[in-house]
Amino acid sequence: MTEARTVLVTGGNRGIGLATARLFADLGHRVAVTARDPKSVDDRIMSVSCDQTDSDAVDAAFEDIESNLGAVQVLVANAGITRDQLLLRMSDEEFSAVIDTNLTGSYRMARRATRAMLRARWGRRIFVSSVVGLLGSAGQVNYAASKAGLVGLARSMARELGSRNITSNIVSPGPVETEMFASLTDDQQTTIIEQVPLGRVARPDEIAETIAFLASDSAAYITGAVIPIDGGLGMGH
Ligand code: NDP
């Protein structure tokens with residue numbers, strides 16, 4: 001990507017989001033990140049407080065970014081949570097909280113980014129799904145549903161906004177070395193890694209590289225794609 005863009009990475013105070021924000025900053029872009037607890041992580045990156053389950057907070061965060069960095073041209077919808085539980089024990093709250101953050105939250109951010117992208121007739125949206133969105137995962141009906149939902153969301157936006165030069169793509173990581181993966185027990189981590197043909201977890205920067213590619217001019221003719229970055233874990237879907 002040659003031209004400097006304004007990039008917003010949701011959930012960018014750690015993990016995949018932070019690695020992605022840093023890579024965009026390395027590439028010379030203007031970068032903002034959102035999180036509920038937006039610690040200052042890098043002096044090249046604007047940190048904004050935003051709980052994406054709240055539409056007013058989303059609106060306020062965009063206004064803050066727009067007045068400091070200009071309209072958001074690249075949106076990386078990365079923020080996500082897990083509330084793992086077996087189906088029989090899962091509460092409505094555990095189900096709704098995950099859908100509201102991962103799926104509805106991404107929708108809120110993407111909707112808010114639309115007007116400026118339409119006006120500019122240029123935009124890039126990258127949604128961070130997960131291999132379990134298509135594979136399924138015992139104990140994660142809420143999380144897998146939210147991640148599968150992102151595929152329909154992004155592909156519908158790809159159709160609705162494509163004629164205005166706005167692309168919408170999905171990356172689908174397998175296990176990545178972040179706090180989210182570290183929160184699993186050693187046994188759970190080992191079981192997952194055993195199923196990965198490449199036999200290891202990904203580093204956050206390996207996810208960031210594909211996201212940056214999808215935002216670049218080199219990916220101008222890619223939209224509605226689901227790109228696996230999973231060491232082969234999800235092969236066949
Ligand atoms: P982390 O748990 O390390 O980071 C999650 C980020 O989301 C944090 O910045 C967190 O900040 C933010 N966040 C959570 N809830 C909200 C909210 N309501 N509003 C705004 N921000 C919020 O996760 P990872 O880096 O591991 O994961 C990033 C994405 O990648 C997620 O969508 C995850 O589902 C996906 N993924 C991760 C995999 C893995 O193995 N790690 C595998 C496949 C997909 P704060 O808590 O301060 O709000």
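**Figure 1. Strand β5 in a predicted model.** Strand β5 (residues 123–128) is mostly covered, with six of its six residues buried. Buried means under 20% relative accessible area, exposed over 50%, and partly exposed in between, using a 1.4 Å probe and protein chains only. G123, R125 and F127 point one way from β5. R124, I126 and V128 point the other way, and all are buried. Strands (E, at least two residues) and helices (H or I, at least four residues) are DSSP runs, numbered from the N terminus. This is a predicted model, in which local features need pLDDT of at least 70 and side-chain atom pairs count only at pLDDT 80 or more, while totals for chains, interfaces and linings use all residues. Residues are numbered from 1 along each chain as its sequence is written, and side-chain values use heavy atoms, with hydrogens and water left out.

**Figure 2. The neighbours of β5.** β4 and β5 run parallel and are joined by four bridges. Two strands pair if DSSP finds at least two bridges between them. A77 stands opposite F127 in β5. The route from β4 to β5 goes through helix α3 (residues 92–120), a β-α-β crossover that is right-handed. Right-handed is defined with the strands pointing away from the viewer: the path from the first strand over the helix to the second then runs clockwise. With strand β6 (residues 166–173), β5 shares six bridges, and these two strands run parallel. Here F127 stands opposite I170 in β6.

**Figure 3. Strand β1 and its surroundings.** Five of the five residues of strand β1 (residues 6–10) are buried, so the strand is largely enclosed by the rest of the structure. T6, L8 and T10 point one way from β1. V7 and V9 point the other way, and all are buried. Strand β2 (residues 30–35) pairs with β1 in the parallel sense, over five bridges. The bridge partner of V7 in β2 is V31. Helix α1 (residues 15–26) carries the chain from β1 to β2, and this β-α-β crossover is right-handed. β1 also pairs with strand β4 (residues 74–77), in the parallel sense and over three bridges. In β4, V76 is the bridge partner of V9.

**Figure 4. The whole sheet and its edges.** Seven strands form an open sheet with parallel pairing, in the order β3-β2-β1-β4-β5-β6-β7. β3 (45–49) and β7 are the edge strands, and each pairs on one side only. From one strand to the next, the twist averages 20 degrees. For such angles, axes are lines fitted to C-alpha atoms, for helices over the stretch in contact, and values run from 0 to 180 degrees between N-to-C directions. At the β3 edge, five bridges join β2 to β3, and the two run parallel. V33 stands opposite S47 in β3.

**Figure 5. The second largest pocket.** The second largest pocket has a volume of about 180 Å³. On a 1 Å grid over the protein atoms alone, a pocket is an open set of points with protein on both sides within 12 Å along at least five of seven lines, whereas a cavity is a set where a 1.4 Å probe fits but cannot get out; lining residues have an atom within 4 Å of a point. Grid points are joined across faces, edges and corners, and the volume is the space filled by probe spheres set on them. The lining has 13 residues, of which L134, P228, D230, G234 and H237 lie nearest the pocket's centre. α4 (132–135) and β7 (226–229) are the elements that give two or more residues to this lining. β7 gives the most, with three residues. By class, the lining has seven nonpolar, five polar and one charged residues. Ala, Val, Leu, Ile, Met, Phe, Trp, Tyr, Cys and Pro count as nonpolar, Asp, Glu, Lys and Arg as charged, and the others, Gly among them, as polar.

**Figure 6. Three loop residues.** L86 lies in the loop between β4 and α3. At 48% relative accessibility, L86 counts as partly exposed. L86 and L118 are 32 residues apart in sequence and 42 Å apart in space, C-alpha to C-alpha. R121 is found in the loop between α3 and β5. Its phi is near 50 degrees, a positive value in a residue other than glycine. R121 is partly exposed, with a relative accessible area of 49%. N165 sits in the loop between α5 (141–161) and β6. Phi of N165 is near 65 degrees, again a positive value in a residue other than glycine. N165 counts as partly exposed, at 34% relative accessibility.
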